[in-house]
Amino acid sequence: MFGAENTSRHLLGAILLLMLAATSAQSTPQVTPTGFLVTFDVKVNAPVAKVYDALVGQVGSWWNPEHTYSHDARNLSIDARPGGCFCEKLPNGGGVEHLRVVYVAPREVLRLSGALGPLQGSGVAGSMTWKLTADRDQTRVQLSYSVGGFIVGGFDKMAPAVESMLNEQFNRLKLFAETGKPTSEQ
């Protein structure tokens, strides 16, 4: 009996791991002495129009407020046009330009340029590309963020932190597009 119960637990654990892998983005940062690249690729169970609208028009609804300067994701916006801004409003008329929009093909590609968060204080440049591909009622979403330049202490410590933060945002976007909620805890 113990053996069967133990086997059942292992089988259940394996099924849960497969389900988690199927729903969350996976990435391993590629790191060099002069920069890094993180990539994600996942299927979202929502049509491309809904995913694009969530990405661009509702960023403040799914982005984790812990990864904002104001601690309120509702202060975020993306002006999806060349020269537009992925910006955040701050108190007293202040603000932050997180990234600048450099290429838009609505419902297909959104490319932004710049350095996120703590990277802004370093001598780096970054390119972030969101690519959406329609597949019936699903959307394949690919995200890449490539950063190069100079950072005190090197990129080997910063790359995993950026990968972890973007992985969280990527999974929150997926869940939001599928359910209307960025986390399963709401």
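These legends walk through several close-up views of a predicted model.

**View 1. The whole chain, to get your bearings.** The protein chain has 4 helices and 8 strands. Follow the sequence from start to end and you meet them in the pattern α-β-β-α-α-β-β-β-β-β-β-α. Of the 186 residues in the chain, 38% are buried. On the outside, the chain exposes about 10300 Å², with carbon and sulfur atoms supplying 56% of that area. Now for the contacts: take those with a separation of 6 or more, and residues 24 or more positions apart account for 50% of them.

**View 2. The largest nonpolar core.** This core has 46 residues. Which residues have the most contacts inside it? They are Leu110, Leu119, Met128, Trp130, Tyr145 and Leu166. Helix α4 gives the most to this core, with 10 residues. A few of these names come back in the views below, so they're handy to keep in mind as you go.

**View 3. Leu166, a core residue up close.** Leu166 sits in helix α4, and it is one of the residues with the most contacts inside the largest nonpolar core. Is Leu166 buried or exposed? Its relative accessibility is 1%, so it counts as buried, the cut-off being under 20%. Setting aside residues up to four places away in sequence, Leu166 touches Val38, Phe40, Leu116, Met128 and Tyr145. Two of those partners, Met128 and Tyr145, are also listed among the residues with the most contacts inside the core. For a sense of distance, look at Ser144 too: Leu166 and Ser144 are 22 residues apart in sequence, and their C-alpha atoms are 9.6 Å apart in space.

**View 4. The largest cavity.** Rolling a probe the size of a water molecule over the atoms shows where empty space is left. A search of the whole structure for cavities of 30 Å³ or more turns up 2 of them. The largest cavity has a volume of about 60 Å³. Which residues line the largest cavity? Look for Leu55, Val59, Trp62, Trp63, Ile78, Phe86, Leu99, Leu110, Leu112, Met128 and Trp130. The elements that give two or more residues to this lining are α3 (59–62), β6 (109–113) and β7 (123–135). By class, the lining has 11 nonpolar residues, with no polar and no charged ones. Leu110, Met128 and Trp130 may ring a bell, as they are also among the residues with the most contacts inside the largest nonpolar core.

**View 5. The second largest cavity.** This cavity has a volume of about 30 Å³. Its lining is made of Val42, Val44, Val141, Phe170, Leu173 and Lys174. Both β2 (35–44) and α4 (155–179) supply at least two residues each. Which element gives the most to this lining? That is α4, with 3 residues. By class, the lining has 5 nonpolar residues, no polar ones and 1 charged. The charged one is Lys174.

**View 6. Tyr103 on strand β5.** Tyr103 is found in strand β5. With a relative accessibility of 39%, Tyr103 counts as partly exposed. Leaving aside neighbours within four places in sequence, Tyr103 is in contact with Val109, Leu110 and Arg111. Leu110 is a name you have already met in the lining of the largest cavity. Tyr103 and Arg81 are 22 residues apart in sequence, yet 7.2 Å apart in space, counted from C-alpha to C-alpha.

**View 7. Two arginines with positive phi.** Arg107 lies in the loop between β5 (95–105) and β6. Its phi is near 70°, a positive value in a residue other than glycine. How much of Arg107 is accessible? Its relative accessible area is 47%, so Arg107 is partly exposed. The other one, Arg136, has its place in the loop between β7 and β8 (138–150). Arg136 is not a glycine either, but has a positive phi of about 60°. With a relative accessible area of 79%, Arg136 is exposed.

Key
Residues numbered from 1 in each chain as written. Predicted model: local features only at pLDDT ≥ 70, side-chain atom pairs only at ≥ 80, totals over all residues. Heavy atoms only, no water. 1 Å grid on protein atoms, 1.4 Å probe; cavity = no way out; pocket = protein on both sides within 12 Å on 5 of 7 lines; lining within 4 Å. Points joined across faces, edges and corners; volume = space filled by probe spheres on them. Buried < 20%, exposed > 50% of the residue type's maximum accessible area, 1.4 Å probe, protein only. Contact = heavy atoms within 4.5 Å. Areas by Shrake-Rupley, 256 points an atom, 1.4 Å probe, with all protein chains shown as cover. Core = buried A, V, L, I, M, F, W, Y, C linked by side-chain atoms within 4.5 Å.
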